[in-house]
2 protein chains.
Amino acid sequence: MPAPVRQRRARGSITPEAVINGAFELAKTETLDGLSMPRLARHLDVGVTSIYWYFKSKDELLDTLTAEAFRRFYGQMPPLTGRRWDDVLREFFRGFRRILRGDDVLCDLCIMRTMRHTEETITLTTARIEEVVEILVEQGFSAETAHEAYSALSVYTRGCLFIERLIRVHGIPDPQSRARAVAAISAPAYPGVTRLTTMVEDENFEFGLENAIRGLRTLRTAEKRER
Amino acid sequence: MPAPVRQRRARGSITPEAVINGAFELAKTETLDGLSMPRLARHLDVGVTSIYWYFKSKDELLDTLTAEAFRRFYGQMPPLTGRRWDDVLREFFRGFRRILRGDDVLCDLCIMRTMRHTEETITLTTARIEEVVEILVEQGFSAETAHEAYSALSVYTRGCLFIERLIRVHGIPDPQSRARAVAAISAPAYPGVTRLTTMVEDENFEFGLENAIRGLRTLRTAEKRER
DNA sequence: ACCTGAACACCGTTCAAGT
DNA sequence: ACCTGAACACCGTTCAAGT
């Protein structure tokens, strides 16, 4: 009954930046999945269609948000200070995980959404990769191996973030049903199985990280001997 | 104008199994995201609401599909034949990746969707984990380490599948824009960077797998010496 | 007990205006 | 050039029937 009166906005009173900031705000109060065009419009006090003047689809808006997310993410990544290659790897991938685990919106945009990055994002990412690779090469790795090492640890770290994010969104089965399920096994040989082996915690992450570094140490020695 | 006549179905002509099979068929022709209740109903030639008699929400239907997907997945996992622990790990995780990379619907259900499994699925999974862990323990690993090793390789393999799936769904930026982006870096020290380091291919997967095994070998020797 | 269409509140997007 | 509401085709889910 009360007419949904809303003042017509002045020309130029909407900017792409305002839309992007509003989108981040809204995603933060809910979740990235909760971000819809009508809700965003309401949040910005703008007609729904007005957003389409600046972003020709929701996907294009999300791409822009992703680019901004990467900028914010890399802005938070501290510069490398370690001297030895293994300390550098630890520092880098621990930081990587810490930052994205602490910000669900950034995690959803940088890790969960897509692999189609903008040119700017690729530049940012590649520069960071190079930094790490360079240190590895300086300290005796071949360029080839250094890249593979980075790639493997990157996949591992993103795998952790991905699984941890799924758990935060959907939860895990309650411990009781889990215990019953494990009890149903014919030969539960090792009590440790009852622990959530499919879940990632700090110690799990650390084990994989240290183990990879151990493998790389052996490889480095072998590569050095070859020359 | 032509009245949308559809015969009323007989009582008992719809079964949960038929719904599930229809859902798998439909997801296969499109994608899991393309599976909607109206489309599924049309595919089954059933009223939309009828599905809700057997599954009280789409989420419950998806949970049932996930349980079935895990059954199919484990049905395809070959029994372990390797003798040495490292061969067993290779065999297991290569098979894991191969099967889920070859079936997008299974991958979406088992890897991408959720971590909230049914009791049956947990039993299936835990039994498989135990099989691997037991072999590691027989050959000199502590139960603790064996679990951590499994967990790390599982996270790594699922990370690969996750990233590969994202690429299949959304694609990656075209090589040209990528090359331009890399060229924009101030000091592109290593030409290898131009290669898609964020992408996962067979050789990338193998490197991480072998490297983890290398790390475990060192750890095993150390653990043996301690005793 | 089982099957059904109409209806509701949502979504992304387009159209045809208004200023 | 920029902002807008109405409208469209979709979605998941509920309701109030029908048999």
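Let's start at the DNA: of the atoms of DNA strand C within 4 Å of the protein, 60% are sugar or phosphate atoms, and the rest sit in bases. Keep in mind that this is a predicted model.

**Around strand C**

There are 26 residues around DNA strand C, and those that come nearest are Arg8(A), Thr49(A), Lys58(A), Thr49(B) and Tyr54(B). Arg8(A) goes for a base: an N or O atom in its side chain is 2.3 Å from a base nitrogen of the strand. On the phosphate side, Ser50(B) has a polar side-chain atom 2.7 Å from a phosphate oxygen of DNA strand C. Which elements give two or more residues to this surface? They are helix 2 (37-44) and helix 3 (48-54) of chain A, along with helix 3 (48-54) of chain B. Helix 3 of chain B has the largest share, four residues. By class, the surface near DNA strand C splits into nine nonpolar, nine polar and eight charged residues.

**Around strand D**

For DNA strand D, 61% of the atoms within 4 Å of the protein belong to sugar or phosphate, with the rest in bases. Of the 26 residues around this strand, Thr49(A), Tyr54(A), Arg8(B), Thr49(B) and Lys58(B) come nearest. Helix 3 of chain A gives the most to the surface near DNA strand D, namely four residues. Here, too, the classes are nine nonpolar, nine polar and eight charged residues.

Here are some of the polar contacts with phosphate oxygens:

| Residue | Polar atom in | DNA strand | Distance |
|---|---|---|---|
| Tyr54(B) | side chain | C | 2.6 Å |
| Tyr54(A) | side chain | D | 2.6 Å |
| Gly47(A) | backbone | D | 2.9 Å |
| Ala10(A) | backbone | D | 3.4 Å |

**How the two chains relate**

A turn of 180° with a shift of 0.0 Å along the axis lays chain B on chain A, with an RMSD of 0.0 Å. So what you have is the relation of a two-fold axis. Both copies use the same surface, as 100% of the contact residues of chain B recur in chain A.

**A helix pair across the chains**

Helix 8 (residues 143-170) of chain A packs against helix 10 (residues 202-226) of chain B at an angle of about 80°, and their axes are 9 Å apart. Therefore helix 8 of chain A is roughly perpendicular to helix 10 of chain B. On the chain A side, the contact involves Thr145(A), Glu148(A), Ala149(A), Ser151(A) and Ala152(A) of helix 8. Helix 10 of chain B brings in Glu203(B), Asn204(B), Phe207(B) and Gly208(B). Sorted by class, this contact has three nonpolar, four polar and two charged residues.

Methods
Residues numbered from 1 in each chain as written. Chains lettered and ligands numbered in written order. Predicted model: local features only at pLDDT ≥ 70, side-chain atom pairs only at ≥ 80, totals over all residues. Heavy atoms only, no water. Axes fitted to C-alpha atoms, helices over the stretch in contact; angles between N-to-C directions. Parallel < 35°, antiparallel > 145°, perpendicular 65-115°, else oblique. Contact = heavy atoms within 4.5 Å. Nonpolar A, V, L, I, M, F, W, Y, C, P; charged D, E, K, R; others polar. Near = heavy atom within 4 Å. Polar contact = N/O pair within 3.5 Å; in protein donor to acceptor, adjacent residues only side chain to side chain. Least-squares fit on C-alpha atoms with pLDDT ≥ 70 in both.
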